[in-house]
Amino acid sequence: EEEWDQVLAASEKTFKKEKKANDKILSKGKKALAKMEKQLVGSFNDSEKKKQAELSASEFSGTLYASTEEILNYNQFDEETLMDYNAVESELLAVLENYSQEWNSMLQALVKVHMELAQIATPDEWKSVSKALKKVI
């Protein structure tokens with residue numbers, strides 16, 4: 001029982017350390033996304049365009065944040081599978097599928113925000129829009 005308690009204590013310590021690191025990543029990410037949203041909205045002078053940009057940017061940021069959070073959560077739980085000498089192909093593919101779905105979600109969100117903002121931006125406005133998007137991808 002003492003050995004089990006030591007294993008649990010070590011496991012809890014590792015989990016807390018990873019959670020702290022993940023929280024730091026998410027905090028920095030949230031700040032970067034807020035800055036990007038502000039830059040995207042600021043790319044437009046017209047109030048109607050600003051409203052559209054704000055909606056598109058907010059949805060994009062939400063998707064990026066949620067997917068990043070999911071990837072970090074997968075990382076904690078799937079690392080053992082990826083490092084397991086005895087892992088079978090189906091287990092490894094399941095882990096990779098989880099990551100792939102989140103990355104795909106982020107890329108689809110990028111395409112969507114690109115198309116939405118390109119429809120309302122002038123070529124001059126697009127320079128600022130693309131600069132803001134480039135900072136988060």
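**Reasoning from values to terms**

Trainee: Lys19 and Asp23 both belong to helix α1, 4 residues apart, which is about one turn of the helix. What makes their contact a salt bridge?

Mentor: This is a predicted model, and in it the side chains of Lys19 and Asp23 meet at 3.1 Å, N to O. The limit is 4 Å between a side-chain nitrogen of Lys or Arg and a carboxyl oxygen of Asp or Glu, so the pair qualifies as a salt bridge.

Trainee: Why is Lys19 called partly exposed?

Mentor: Lys19 has 39% relative accessibility, and the class covers values from 20% to 50%, so Lys19 is partly exposed. Asp23, at 37%, is partly exposed for the same reason.

Trainee: How do you know that Lys24 is exposed?

Mentor: The relative accessibility of Lys24 is 54%, and exposed means over 50%; therefore Lys24 is exposed. Lys24 also lies in helix α1, residues 2–42. Together with Lys20, Lys28 and Lys31, Lys24 forms a positive surface patch.

Trainee: What makes that patch positive?

Mentor: Its members are Lys20, Lys24, Lys28 and Lys31. Lys counts as positive, so the patch is positive.

Trainee: Which class does Gln6 fall into, buried or exposed?

Mentor: Gln6, in helix α1, has a relative accessible area of 51%. The cut-off for exposed is over 50%, so Gln6 is exposed.

Trainee: How do you know that the salt bridge of Lys49 and Glu125 links distant parts of the chain?

Mentor: The side chains of Lys49 and Glu125 meet at 3.1 Å, N to O, which is within 4 Å, so they form a salt bridge. Lys49 is in helix α2 and Glu125 in helix α4, with their positions 76 residues apart in sequence, and the pair thus links distant parts of the chain. Both residues are buried, so each has under 20% relative accessible area.

Trainee: What distance supports calling Asp124 and Lys127 a salt bridge?

Mentor: Their side chains meet at 3.8 Å, N to O. That value is within 4 Å, so this pair qualifies too. Asp124 and Lys127 both lie in helix α4, 3 residues apart, and both are exposed.

Trainee: Which residues have the most contacts inside the largest nonpolar core?

Mentor: They are Met36, Leu40, Phe44, Phe60, Leu117 and Leu133, in a core of 23 residues. Helices α1, α2, α3 and α4 each give two or more residues to this core, and α3 gives the most, with 8 residues.

How values were computed: Residues are numbered from 1 along each chain as its sequence is written. This is a predicted model: local features need pLDDT of at least 70, side-chain atom pairs count only at pLDDT 80 or more; totals for chains, interfaces and linings use all residues. Side-chain values use heavy atoms; hydrogens and water are left out. Patches are made of residues with over 30% relative accessible area and no salt bridge: like charges are joined within 9 Å, nonpolar side chains (Val, Leu, Ile, Met, Phe, Trp, Tyr) within 5 Å. Accessible areas come from the Shrake-Rupley method with a 1.4 Å probe; for residues, only the protein chains shown count as cover. The place of a charge is taken as NZ of Lys, CZ of Arg, CG of Asp or CD of Glu. Buried means under 20% relative accessible area, exposed over 50%, partly exposed in between (1.4 Å probe, protein chains only). A nonpolar core is a set of buried Ala, Val, Leu, Ile, Met, Phe, Trp, Tyr and Cys residues joined through side-chain atoms within 4.5 Å.
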